[in-house]
Amino acid sequence: MKKKALACLLAAVMALSLAACGSGSDNKKTSEKTESQDTNTSLEATNQLIEAEDPSALPETAAKRKDTLIAGVADFAGVFNPVYWEANEDFQVVTATTASLSVNDDKGEIVDGTASMSVSDDGKVYTYKLTKEKYNDGSDVKAEDYVNWYKVVSDPSYDGYQDISKVNVVGYEDYKNGSATEISGIKVVDESTIQITLEAANTSAPYVLGSAVPISTAKYGDLIKKGDLSKFKSLNMVDYVSNGAYVLKEYKEKTSATLEANPNFYLGEPKTKNLIFKVVATNAELQAVETGDVDIHDQVVCDDDHIEEAQAAGFINMKIQPTLGYGYVAVNHKNEIFQDAKVRQALLHAIDRKSLNQAVYGQYAITLNIPQAPISWLYDDEGLETYDYDLDKAAELLKEAGWEKDGDKLMKDGKQMKIVFSAMSGNIVTDTMIPLMIDAYGQLGIDFQAEYVDWPTLQSKSQNGTFDMLFMAWGLTADPDLTGTFASPEAGGSQNHTGYANPELDKMLAEALASTSKEEQKEKYKEIYKLINEDLPTYPIYERCDLICYNTRVQNIEQSSYVKWYQQDKIVNIEVE
């Protein structure tokens, strides 16, 4: 069983640590290369639906629930504004309460949402023809309301997650940094038609432009003032007028968000009247489904133990699929230690990623060497450095970077290398990884320490760059472009919080965005991946599998790596018995 394997691995690590502490000699250093323990190169073979075999075992708590679906989530940040949400849990509520121009299908291809999209032959002009739709209060949705979204995310004062700068809309810069009061490249042709003109063809444009959701001019237009979005940002989102499948009716901090079906939804009134997102404690996700406390949880740790436990319950359906995302270790490039690529390479060689992934996820994870999920059509890691666990190689690279062992300390310019790893306690990945790193980094002479913080603090450290090292998971989208995460901030890297900057990479990413075909983009990304693999802005650790568990009263769940069950065109069809 997995837990037994994990216990054995940690016991071995502790034994090695004690042996190292008990001897002043370097001869006990365990520097041998490890053999690969994750032989999979893809997780596609794990993609499956395991159906419940005993629906009669459904707990009475769930069986008595009527007209209501309860979904388990981790803690909310509590920001449900459609252009300011911060956490994945908030995003689930936002997705259920808004509807965008376009969505993607289970292959990651763009399909119609609230509008049909057409593109000019030169790839520069996008036209959206809106479906006739209404807000949840019965008022009409108009083309100008979608334009409000573009204006908000282009505003000089906007500090949210969304960044449309990389698609180069005509007039964006004049609006963002100049005196223009409108974005000249965005036109309302009539009440149901929007036309958007770009400076040049752009591979991300269909995804970025199609993300727009309407912001009612009649209801909120007065709050959207160029240079001051404070009133719109601070809106209470309970009963917010929007066009989504559901309406947020109540939010209880650290407890739940309660939503009610929108009878005016453009795809018809949702088949389930009430939707509740309920906070579930970390590591209690499956238990919450087993007890009937929640009907569905899509963040159950995917491993053999949890799958066997869910099967034994009898009434739990399971969807296993590759995650569209990856786990990674971030290093702070503002820290002088991490500014040398040889040091970054050495420190990755000293993380036994394969043993880590095997211990935590077994067959349901693979080790990555680029920040892209293998299920993406753009993925290509052929010929790249695999950074296998090798302390001799790590020591060699550190020496080339000027770090020398002095006794049991790794020194440079009279100072020992010191690294603090920020983590959440109770996280299965870091609870396994940190002991491995303490042992390996200690053998190299590094003063390696861990600090444990809560999720809001860890998130703040990540966003503000106040850390040495930390572990995070990154969710990818159907748009495979990496500009937002790895370009320097001035080149469109709005989600790059590590201090990493490489002008060569900025140029390569911009050129890839200008590709005129998928084939051209793939060729350019082959070189981008090569550079990232050598330069290591962050350390890719794994792609794992998702395990979505839901009881037998839930019908018509559609979920894939690219499509979440709460996507606007899927959630409307979910029924509960």
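In UniProt, an unreviewed entry places the feature "domain: Solute-binding protein family" at residues 116-481. The structure looked at here is a predicted model. In that model, the C-alpha atoms at the two ends of residues 116-481 sit 23 Å apart, and the span is 28% helix and 24% strand.

The domain assignment cuts things up in its own way. Domain 1 is pieced together from 43-71, 243-314 and 551-574, while domain 2 covers 98-231 and domain 3 runs over 323-543.

Now for how domain 1 and domain 3 meet. Their C-alpha centres lie 33 Å apart, and twelve residues of domain 1 are in contact with 14 residues of domain 3. The size of an interface is often given as the accessible area lost when the parts come together. Between domain 1 and domain 3, about 1200 Å² is buried, with carbon and sulfur atoms giving 63% of that area. On the domain 1 side, L43, S561 and Y562 lose the most area to domain 3; together these residues make up 47% of what that side buries.

What kinds of residues does domain 1 put against domain 3? By class, there are five nonpolar, four polar and three charged residues on that side. Even with charged residues there, the count of salt bridges between domain 1 and domain 3 is zero. Polar contact does turn up, though, with three residue pairs across the interface.

Salt bridges do appear in the model, where the count comes to 25. One of them joins R65 and D295, whose closest N and O atoms are 2.7 Å apart. R65 lies in the loop between α2 (60-63) and β2 (68-73) and D295 in the loop between α9 (285-290) and β12 (296-300), so this pair ties together parts 230 residues apart in sequence.

Terms used
Residues numbered from 1 in each chain as written. Predicted model: local features only at pLDDT ≥ 70, side-chain atom pairs only at ≥ 80, totals over all residues. Heavy atoms only, no water. Domains from an automatic or database assignment. Contact = heavy atoms within 4.5 Å. Buried area = accessible area lost by both parts, 1.4 Å probe. Salt bridge = Lys/Arg side-chain N within 4 Å of Asp/Glu carboxyl O. Polar contact = N/O pair within 3.5 Å; in protein donor to acceptor, adjacent residues only side chain to side chain. Nonpolar A, V, L, I, M, F, W, Y, C, P; charged D, E, K, R; others polar. UniProt positions renumbered as here; feature names shortened; annotations may be inferred. Helix = DSSP H or I, 4+ residues; strand = E, 2+ residues; numbered from the N terminus.
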